[in-house]
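The exercises below ask you to reason from a sequence and its model to burial, contacts, ring geometry and a pocket lining. Each task is followed by a solution that goes step by step.

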Amino acid sequence: MKRHIIIVIAFTLHTLAAQSNTAPGYIVTNNSDTIAGEVKVSRYDIYTGGILCSGINLEPFHSVLYFRQSNQSRFKSFRPKDISGFGFTYKSVDYIFKTFTIESKSIVKSERRRLRFLNLIHQSENIIYRDIVRKGDVVMPGTQSKVTDYYDYYSYDKTHGLKKLDAGYRPH
């Protein structure tokens, strides 16, 4: 009987913690208009099934944003092609994302130019953005898959545009 109670409590806590929160935020349209509203923020990671004890899961923000305009009842999804950027404040931390085209030398033609939301992590005379890239390992049927997140860093200025930083770069 005690085991059933523990399972029910664990499931309830897991469900409550996984629910999305909202944060005040904004989007910037492709026409440079700023629209205020709310951003859906999650501490749950659908790939690992884990819940972050502190902080939020930033990885999904690099490809999709769920935003609800002020005085609207429903959230709408936005991809990098839809808006030029967005921002929000969660637990007194400001998060700013901007749309960029990431170019690579992939053998897969469709992966050579990808639109991504990049997270602004430093702004002074140098502007630094971060991308979280998630890779899944190929596994044999019947085995558990492994997902790994890694970070790509980019510098940006109006003269040179977006440039990927050396793999040895680590922010201070």
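**Exercise 1.** In this predicted model, determine whether Asp-152 is buried or exposed, and place the residue in its strand and among its contacts.

*Solution.* Begin with the accessibility: Asp-152 has a relative accessible area of 9%, and since buried means under 20%, Asp-152 counts as buried. Next, locate the residue along the chain, where Asp-152 belongs to strand 9. Finally, set aside the neighbours within four places in sequence; the residues then in contact with Asp-152 are Tyr-129, Arg-130, Asp-131, Val-133 and Lys-164.

**Exercise 2.** Carry out the corresponding analysis for Tyr-150, and state how far its C-alpha lies from that of Arg-134.

*Solution.* Tyr-150 is also a residue of strand 9, but its relative accessibility is 34%, a value that makes it partly exposed. Once neighbours within four places in sequence are left aside, the contacts of Tyr-150 are Asp-131, Ile-132, Val-133 and Lys-135. As for the distance, 16 residues separate Tyr-150 from Arg-134 in sequence, while their C-alpha atoms are 6.5 Å apart in space.

**Exercise 3.** Describe the second largest pocket by its volume, its lining and the strands that contribute to that lining.

*Solution.* The volume of the second largest pocket is about 330 Å³. Its lining consists of 18 residues, of which Glu-111, Arg-114, Val-133, Lys-135 and Tyr-150 are the closest to the centre. Sorting the lining by class gives six nonpolar, two polar and 10 charged residues. Turning to secondary structure, at least two lining residues come from each of strand 6, strand 7 (113-123), strand 8 and strand 9 (147-157), and strand 8 gives the most, with five residues.

**Exercise 4.** How many aromatic pairs does a search of the whole structure find, and how are the pairs Phe-86 with Phe-88 and Phe-100 with Tyr-129 to be classified?

*Solution.* The search returns 11 aromatic pairs. For Phe-86 and Phe-88, the ring centres are 6.5 Å apart and the planes meet at 5°, so this pair is stacked; both of these residues are buried. For Phe-100 and Tyr-129, the centres are 4.8 Å apart and the angle between the planes is 65°, which corresponds to an edge-to-face pair. Because Phe-100 lies in strand 6 (residues 93-103) and Tyr-129 in strand 8 (residues 127-136), the latter pair ties together parts that are 29 residues apart in sequence. Phe-100 and Tyr-129 are likewise both buried. To complete the picture, Phe-86 and Phe-88 belong to one aromatic cluster together with Phe-61, Tyr-95, Phe-97 and Phe-117.

**Exercise 5.** Identify the rings over which the charged end of Lys-40 sits.

*Solution.* One ring is that of Tyr-66, whose centre is 6.0 Å from the charged end of Lys-40. Another is the ring of Phe-75, where the charged end sits 4.8 Å from the centre.

**Exercise 6.** Summarise the overall architecture and the share of long-range contacts.

*Solution.* Count the elements to obtain one helix and 10 strands; reading along the sequence, the pattern is α-β-β-β-β-β-β-β-β-β-β. Of the 172 residues, 30% count as buried. Among contacts with a separation of 6 or more, 43% are between residues 24 or more positions apart.

Key: Residues are numbered from 1 along each chain as its sequence is written. This is a predicted model: local features need pLDDT of at least 70, side-chain atom pairs count only at pLDDT 80 or more; totals for chains, interfaces and linings use all residues. Side-chain values use heavy atoms; hydrogens and water are left out. Rings of Phe, Tyr and Trp (its six-membered ring) pair if their centres lie within 6.5 Å; planes under 30 degrees apart count as stacked, over 60 as edge-to-face and the rest as tilted. Buried means under 20% relative accessible area, exposed over 50%, partly exposed in between (1.4 Å probe, protein chains only). Helices (H or I, at least four residues) and strands (E, at least two) are DSSP runs, numbered from the N terminus. A charge sits over a ring if NZ of Lys or CZ of Arg is within 6 Å of the ring centre and within 35 degrees of the ring normal. On a 1 Å grid over the protein atoms alone, a cavity is a set of points where a 1.4 Å probe fits but cannot get out, and a pocket is an open set with protein on both sides within 12 Å along at least five of seven lines; lining residues have an atom within 4 Å of a point. Grid points are joined across faces, edges and corners, and a volume is the space filled by probe spheres set on the points. Ala, Val, Leu, Ile, Met, Phe, Trp, Tyr, Cys and Pro count as nonpolar, Asp, Glu, Lys and Arg as charged, and the others, Gly among them, as polar. Contact means heavy atoms within 4.5 Å.
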